[in-house]
Amino acid sequence: MKLTKFVMSAACVLAMSACCNQAKQEAPAQRWSEEKANEWYAQLPWLAGADYINADAINQIEMWSADTYNHDQIDKELGMAEGIGFNTLRVYLSSVVYENDPEGLKQRMDDFLGICQSHGIKPLFCIFDDCWNAESSYGKQPDPKPGIHNSGWVQDPSVSLRADTVSLYPKMEKYVKDLLTTFANDERILLWDLWNEPGNQGHGVETLPMLKRVFEWAREVNPSQPLTSGIWCWDDSFAPLNAYQLENSDVISYHNYNPLDDHEQTVKYLKMMNRPLVCTEYMARRNKSFFQTIMPMLKANKIVAINWGFVAGKTNTIFAWSEPRPDVAEPELWFHDIFRQDGTPFSQEEVDSIMSLTGKK
């Protein structure tokens, strides 16, 4: 996901601190204590994996719809993940699929969890998203646009639905509560990521009221798994969003696609929260965020390491966010992703580095 450059200014940190103090007073009582969160995390091995969508799906809708859900392809690709020692994945869900086929979505989630379990993988699910195309629809999804990063990925919920919260909120509430209730005690699930990059695509703090509602609905269910929503932008204007996310997440998740020194500064600040840290997006080669530099640091700090992208496919995330290349079949330097669809890696050196860190021979 495209990331606004982190701005580690003193003014930004002070503003966030002030907002954190205010949000802390309003935090739901059910938020996990630091002790509970750290006890939960202490029972886990170091976790590493990728943001995952199967190569033959262009977006969340195509991955989860009955006509296009591909058990065999997912099983094959998760075997590749197991082969390099990955033991977690971050996976986006779809309220569009749920609205049209709620029982089918839950059945396919159960099937997906079974595949994960067979490969020793404990995934986390992401429920809503502020990134990429504003509108979505059920049914056949568009074909990829050559050379365009995430040309078919969709925001969830669609932007056109957000003005009428009287109609939208009951649908969102049903979706959140049904999924979390159905899987509330499922030990195959690592955690719930309630909203990806809130405020992206120009939404800013307009997403905050919806994000608050989602946390409230999730707390009413009170699943056995922790809740989070990751911070991703350190601009001053995002201080209210960041403060709410930091003060209401059971475990702290974040994104950083920048080089090692910048990422280390992010870790330094977030460690002050005294909670488990989960990096839910990193690794953009053009930005000098590499497996060989970032992943060892994350492991040394026992931070969950989840990079964007696994098998190159219809999402076209081998191409960079801001560099459309419609006349190029494959860029010389991949932006994201690890494997081609035939199982060969973009870089054997990277795969060797990953396997040395995960302990996979």
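Let's start with Gln155, which sits in the loop running between strand 3 (124-129) and helix 7 (165-182). Keep in mind as you look around that this is a predicted model. Is Gln155 buried or exposed? With a relative accessible area of just 3%, Gln155 is buried, because anything under 20% falls in that class.

So who are the neighbours? Leaving aside residues up to four places away in sequence, Gln155 touches a run of residues that includes Asp129, Asp130, Cys131, Trp132, Asn133 and Ala134. Ser136, Arg162, Gln201 and His203 are also among the residues that Gln155 touches.

Now for the charged side chains. How many salt bridges does the count come to? The count comes to 19 salt bridges. Let's walk through a few of them.

Take Arg90 and Asp51, whose side chains meet in a salt bridge with 2.7 Å from N to O. This pair ties together distant parts of the chain: Arg90 belongs to strand 2 (residues 88-92) and Asp51 to strand 1 (residues 48-51), 39 residues apart. Are these two partners buried or exposed? Arg90 has a relative accessible area of 0%, so Arg90 is buried. Asp51 counts as buried too, because its relative accessibility is 4%.

Next, find Glu99 and Lys171, another pair of side chains that meet in a salt bridge, this one at 3.4 Å from N to O. Here again distant parts of the chain are linked, with Glu99 in helix 5 (residues 95-100), Lys171 in helix 7, and their positions 72 residues apart. Lys171 has 47% relative accessibility, so Lys171 counts as partly exposed.

For a third example, move along to Arg286, which forms a salt bridge with Glu323; their closest N and O atoms are 3.1 Å apart. Both partners come from loops: Arg286 from the one between strand 7 (277-281) and helix 11 (291-300), Glu323 from the one between strand 8 (304-308) and helix 12 (348-358). The two are 37 residues apart, and this pair also links distant parts of the chain. Arg286, at 31% relative accessibility, counts as partly exposed, and Glu323, at 37%, counts as partly exposed as well.

Finally, some of these contacts join up. Which residues do salt bridges with shared partners bring into one network? They are Asp51, Arg90, Asp193 and Glu281. You've already met two of those names: Arg90 and Asp51 are the buried pair that meet in the salt bridge between strand 2 and strand 1.

Key
Residues are numbered from 1 along each chain as its sequence is written. This is a predicted model: local features need pLDDT of at least 70, side-chain atom pairs count only at pLDDT 80 or more; totals for chains, interfaces and linings use all residues. Side-chain values use heavy atoms; hydrogens and water are left out. Helices (H or I, at least four residues) and strands (E, at least two) are DSSP runs, numbered from the N terminus. Buried means under 20% relative accessible area, exposed over 50%, partly exposed in between (1.4 Å probe, protein chains only). Contact means heavy atoms within 4.5 Å. A salt bridge is a side-chain nitrogen of Lys or Arg within 4 Å of a carboxyl oxygen of Asp or Glu.
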